[in-house]
Amino acid sequence: MMLDIIPMGQGCPCCRNHQTEGGGLTVKDDRAYQPMFCPDCGAEWQDIYRLEQRVLKEDRSR
């Protein structure tokens, strides 16, 4: 299976439409996966997000 790596932030990887639709996130380890769809051209792909940082909202060690 060949994977195409597409630059981020350019909308649909096929037609560059910025009005794309996304499904629910699946989280595994430090990554989140989201199925995406372009209503203009019908393309489907998966966005992959990586956890970069965690920030604790309040200190609970007391």
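**A four-stranded chain and its pairings**

From the N terminus on, the elements run β-β-β-β. In this predicted model, the chain holds zero helices and four strands. The chain has 62 residues, and buried residues make up 15% of them. Its accessible surface comes to about 5,900 Å², with 48% of that belonging to carbon and sulfur atoms. Of the contacts with a separation of 6 or more, 17% link residues that lie 24 or more positions apart.

Strand pairing is a good place to begin, and strand E3 is a helpful guide. E3 covers residues 31-37 and pairs with E4, residues 44-50, in the antiparallel sense over seven bridges. In this pairing, Arg31 stands opposite Arg50 of E4. E2 also pairs with E3, again in the antiparallel sense, here over three bridges, and Thr26 faces Tyr33 of E3. E1 and E3 run antiparallel too and are joined by two bridges; Gly22 has Met36 as its bridge partner in E3. The two faces of E3 can be told apart by their cover: Ala32, Gln34 and Met36 form the covered face, while Arg31, Tyr33, Pro35 and Phe37 form the uncovered one.

Two hairpins connect these strands. The hairpin of E2 and E3 has two residues between its strands, and Asp29 in the turn has a positive phi of about 55 degrees. Asp29 is a residue other than glycine with this positive value, and its relative accessible area of 73% is why it counts as exposed, the cut-off being over 50%. The hairpin of E3 and E4 has six residues between the strands, and there Gly42 takes a positive phi near 85 degrees. A further positive phi in a residue other than glycine, near 70 degrees, belongs to Arg16. Arg16 is placed in the segment before E1 and, at 40% relative accessibility, counts as partly exposed.

The interior comes next. The largest nonpolar core is made up of five residues: Cys12, Met36, Cys38, Ala43 and Trp45. Met36 thus has several roles to follow, as it belongs to this core, sits on the covered face of E3 and is the bridge partner of Gly22. Cys12, another core member, touches Asn17, Thr20, Cys38, Cys41, Ala43 and Trp45 when residues up to four places away in sequence are not counted. Among these, Cys38, Ala43 and Trp45 are also listed in the core.

Cys41 leads from the core to the loop between E3 and E4, where it is placed. Its relative accessible area of 39% makes it partly exposed, so Cys41 falls outside the limit for buried residues, which is under 20%. Leaving aside neighbours within four places in sequence, Cys41 is in contact with Cys12, Cys14 and Cys15. For the pair Cys41 and Cys14, the C-alpha atoms are separated by 7.6 Å, although the two residues are 27 apart along the chain.

On the surface, Leu25, Val27 and Tyr49 form a nonpolar patch with about 310 Å² of accessible area together. Leu25 is placed in the loop between strand E1 (21-22) and strand E2 (26-28), and its relative accessibility of 52% counts as exposed. Val27 lies in strand E2 and, at 62% relative accessibility, is likewise exposed. Val27 also has a neighbour to compare along the chain: Leu51 is 24 residues away in sequence, and the C-alpha atoms of the two are 9.9 Å apart.

Charged side chains complete the picture. The count of salt bridges comes to one, formed by Arg31 with Asp30, whose closest N and O atoms are 3.8 Å apart. Both partners are partly exposed: Arg31 has a relative accessible area of 36%, and Asp30 has a relative accessibility of 37%. Arg31 is also on the uncovered face of E3 and stands opposite Arg50 in E4.

Conventions:
Residues numbered from 1 in each chain as written. Predicted model: local features only at pLDDT ≥ 70, side-chain atom pairs only at ≥ 80, totals over all residues. Heavy atoms only, no water. Core = buried A, V, L, I, M, F, W, Y, C linked by side-chain atoms within 4.5 Å. Buried < 20%, exposed > 50% of the residue type's maximum accessible area, 1.4 Å probe, protein only. Contact = heavy atoms within 4.5 Å. Pairing = 2+ DSSP bridges. Patch = residues over 30% accessible without salt bridge, like charges linked within 9 Å, V, L, I, M, F, W, Y side chains within 5 Å. Areas by Shrake-Rupley, 256 points an atom, 1.4 Å probe, with all protein chains shown as cover. Salt bridge = Lys/Arg side-chain N within 4 Å of Asp/Glu carboxyl O.
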